[in-house]
Amino acid sequence: MKVKRLEISGFKSFAQRAVLDFPDGLCAVVGPNGCGKSNVVDAIRWVLGEQSARQLRGQAMEDVIFNGAQSHKPTGLAEVSIVFENAGTISAPQYADLAEIMVTRRLYRNGESDYQINRRPCRLKDIQQLLMDTGLGNRAYAIIEQGKVASFIDSRPEERRLWVEEAAGITRYKNQKKQSLKK
Ligand code: ATP
Ligand code: MG
């Protein structure tokens, strides 16, 4: 699964709509301090369902909405869309045949929020299911931030095992087993 495009609007320092294309090969985001490089990573985490404001370097979730700058008034809505090239890597059967998958998340200042997959409203749970076993989900190892390697090394064997399970692609099955045992 490959990220093709990211569209950011009203999110953190991105007042107006910005479209970032990620062509094949290695991509780097470069720029002076404070220009919004880490905000791009935050946008990726957020659109994939991050629920912790702290993980997004804020106090409250509302902090992700563009708060105004000299040249722009604050926006009332943060919206991020990420487009994946599927290439057979998504194991969830309902999405397996789609060549491109777009996930969208929106948050309004009044606290209302929604998620979409290919522009159709969905639940956070649907996005979590979509990402399961891709390395982008809850126990994402696709984003390695400062300190993550050390925390992996220091983690307990049971915790480390969860990462291995995600990489091996069995998180989905363990989850299904848990759900059916509950029923
Ligand atoms: P560095 O090179 O220092 O790591 P960076 O390019 O990663 O910098 P970011 O941390 O992505 O920079 O961006 C920081 C900027 O984003 C700050 O100027 C901050 O004011 C701005 N910012 C963060 N949240 C918001 C928001 N809700 N509204 C407007 N601006 C915001
Ligand atoms: Mg940074």
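**Entry 1: the end of α1**

I started at the end of α1, where G49 follows the helix with a positive phi, near 105°. I am working with a predicted model, in which local features need pLDDT of at least 70, side-chain atom pairs count only at pLDDT 80 or more, and totals for chains, interfaces and linings use all residues. Residues are numbered from 1 along each chain as its sequence is written, while chains are lettered from A and ligands numbered from 1 in the order in which they are written. For my own reference, helices (H or I, at least four residues) and strands (E, at least two) are DSSP runs, numbered from the N terminus.

**Entry 2: the inward side of α1**

Which residues of helix α1 are buried? In this helix, residues 37–47, I found V40, D42, A43, W46 and V47. I call a residue buried if 20 or more other C-beta atoms lie within 10 Å of its own, exposed if 12 or fewer, and partly exposed in between, with C-beta atoms placed from the backbone. The buried residues of α1 cover an arc of only 160° around the axis, which puts them on the same side of the helix. The arc is taken from the directions from the helix axis to the C-beta atoms.

I then looked up what covers them, and the list includes β1 (2–9), β2 (18–21), β3 (77–85) and β4 (100–108). Contact here asks for C-beta atoms, placed from the backbone, within 7 Å.

**Entry 3: the core**

Next came the largest nonpolar core, with 24 residues; F11, A43, V47, V64, A78 and V80 touch the most other members. Such a core is a set of buried Ala, Val, Leu, Ile, Met, Phe, Trp, Tyr and Cys residues joined through C-beta atoms within 7 Å. Two or more residues of this core come from each of α1, β3, β4 and α2 (124–131). In soluble globular proteins, nonpolar side chains tend to be buried together.

I picked V64 for a closer look. Not counting residues up to four places away in sequence, V64 touches F11, K12, W46, L56, G58, A78 and L107.

**Entry 4: α2 and the loop after it**

In α2, I127, L130 and L131 are buried. Seen down the axis of α2, its buried residues fall within an arc of 90°, so they line one face of the helix. They pack against β4, β5 and β6. D133 follows α2, and its phi is positive, near 75°.

A little further on I stopped at L136, in the loop between α2 and α3 (148–154). Is L136 buried or exposed? L136 is buried, because 24 other C-beta atoms lie within 10 Å. Leaving out residues up to four places away in sequence, L136 touches L48, L131 and A142. I also checked L136 against S38: they are 98 residues apart in sequence and 17 Å apart in space, C-alpha to C-alpha.

**Entry 5: ligand 1**

Which residues come nearest to ligand 1? Of the 14 residues around it, I noted S13, K37, S38, N39 and N67. A residue is near a molecule if its C-beta atom, placed from the backbone, lies within 6 Å of it. The shell divides into three nonpolar, eight polar and three charged residues. In this split Ala, Val, Leu, Ile, Met, Phe, Trp, Tyr, Cys and Pro count as nonpolar, Asp, Glu, Lys and Arg as charged, and the others, Gly among them, as polar.

I pulled the UniProt annotation too: an unreviewed entry gives "binding site" for P32, N33, G34, C35, G36, K37, S38 and N39. Its positions are in the numbering used here, feature names are shortened, and annotations may be inferred rather than shown by experiment.

From that stretch I compared N33 and N39. N33 lies in the loop between β2 and α1, and N33 is exposed, with 5 other C-beta atoms within 10 Å. N39 is in helix α1 and counts as partly exposed, with 19 C-beta neighbours inside 10 Å. Apart from neighbours within four places in sequence, N39 is in contact with K12, S13 and F14.

**Entry 6: two positive phi values**

Last, I looked at two residues with positive phi that are not glycines. R57, in the loop between α1 and β3, has a phi of about 65°. N118, in the loop between β5 (113–117) and β6 (120–122), has a phi of about 45°. R57 is partly exposed, with 14 other C-beta atoms within 10 Å; N118 is partly exposed with 13.

Terms used. Two residues are in contact if their C-beta atoms, placed from the backbone, lie within 7 Å.
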